[in-house]
Amino acid sequence: MNSVGEGCTELKREYDQCFNRWFAEKFLKGDRSADPCSELFHKYHTCVQKAIKEKDIPIEGVEFMGPNREKADS
Amino acid sequence: MMGKHFFSETDIKSAWEQVLTAFWQRYPNPYSTHVLTEDVLFREVTPDNRLLSRRLLTKTNRLPRWAERVFPGNLSRSVYIIEDSVVDLGNRSLTSLAWNVNHAKFMLVVERCVFMGEQDRPVWTRITREAWVSSGVFGLSRPIQEFGLARFRSNQVKAMRGLEHALSNLQKASATCHGDSAEKHKNLNSTSETQKPQQYI
């Protein structure tokens, strides 16, 4: 799957691979050891944020679970 | 303003852990050609062991012909969707909320999904899907909402097929892993040439 930043797809894949492994083998089993993916995420994140700014994608300041909190909490 | 509401509930015969693993790996799939990009913007594990995530998706902006004529400017950009989710290991639930952050005046679709694993039925997962469709266009909100609801229903079918496709891939990968020590992991959910993503159960 492609990233919204054309140059970020490879970084995305590396991060996704790390996350999928950690999610299935650690998180789901209740293992709370340190997240091994933070460095990969940081590289990927920097790349994507740049693309988001360049494309003017309106995600800045959007609250988690959005303006429709009442729907999420119901 | 009157909007449209959609609600569905279905059980699928897959364990909750598998469904969640597939949830992160469902793109691309044969039913998701309208999804152009997928990115994780944010992830955090809270002190009470919940996983918070935010994803950004880009989807094609497919409108019926009558809408294309009325809103020619709408064709210019894809739809950007934010999907926020919470995985709660304690109560075996994943709750996601997704909504479009552009073209929102034309039509806003908010979709909420809950994937629930039940202790007494470990091989089943309940999927609850709800959507709210509204439009802010004066005089045309009704046909826009009708269109939005119809498109949502069709997308919902694709989404389920896409999830089942991802689940099936994971199950195949699991069979391969257990059966063969030499070829440890199968590349199934690949998109292209070079580096292919690996799947872990």
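**Exercise 1.** In this predicted model, find which side chains meet in a salt bridge between chain B and chain A, and say how many salt bridges are counted there.

*Solution.* Begin with the pair itself: the side chain of B:Glu38 meets that of A:Lys12, with 3.1 Å from N to O. Next, compare this value with the cut-off, which asks for a Lys or Arg side-chain nitrogen within 4 Å of a carboxyl oxygen of Asp or Glu, so the pair qualifies. Finally, the count between the two chains is one salt bridge.

**Exercise 2.** Describe which elements of chain B supply the side that touches chain A, and how its residues divide by class.

*Solution.* First list the elements of chain B that each give at least two residues to this side: helix 1 (16–24), strand 2 (35–45), strand 3 (50–59), strand 4 (79–88), strand 5 (93–100) and strand 6 (108–118). Then look for the largest share, which comes from strand 2 of chain B with 10 residues. Sorted by class, this side of chain B holds 28 nonpolar, 14 polar and 10 charged residues.

**Exercise 3.** State how many residues of each chain are in contact, and what area is buried between chain B and chain A.

*Solution.* Start with the residues: 52 of chain B are in contact with 42 of chain A. Continue with the area buried between the chains, about 4000 Å², of which carbon and sulfur atoms give 62%.

**Exercise 4.** Characterise chain A by its elements and its buried residues.

*Solution.* Chain A has three helices and zero strands, and from the N terminus on its elements therefore read α-α-α. Of the 74 residues in chain A, 43% are buried.

Terms used:
Residues numbered from 1 in each chain as written. Chains lettered and ligands numbered in written order. Predicted model: local features only at pLDDT ≥ 70, side-chain atom pairs only at ≥ 80, totals over all residues. Heavy atoms only, no water. Contact = heavy atoms within 4.5 Å. Buried area = accessible area lost by both parts, 1.4 Å probe. Helix = DSSP H or I, 4+ residues; strand = E, 2+ residues; numbered from the N terminus. Nonpolar A, V, L, I, M, F, W, Y, C, P; charged D, E, K, R; others polar. Buried < 20%, exposed > 50% of the residue type's maximum accessible area, 1.4 Å probe, protein only.
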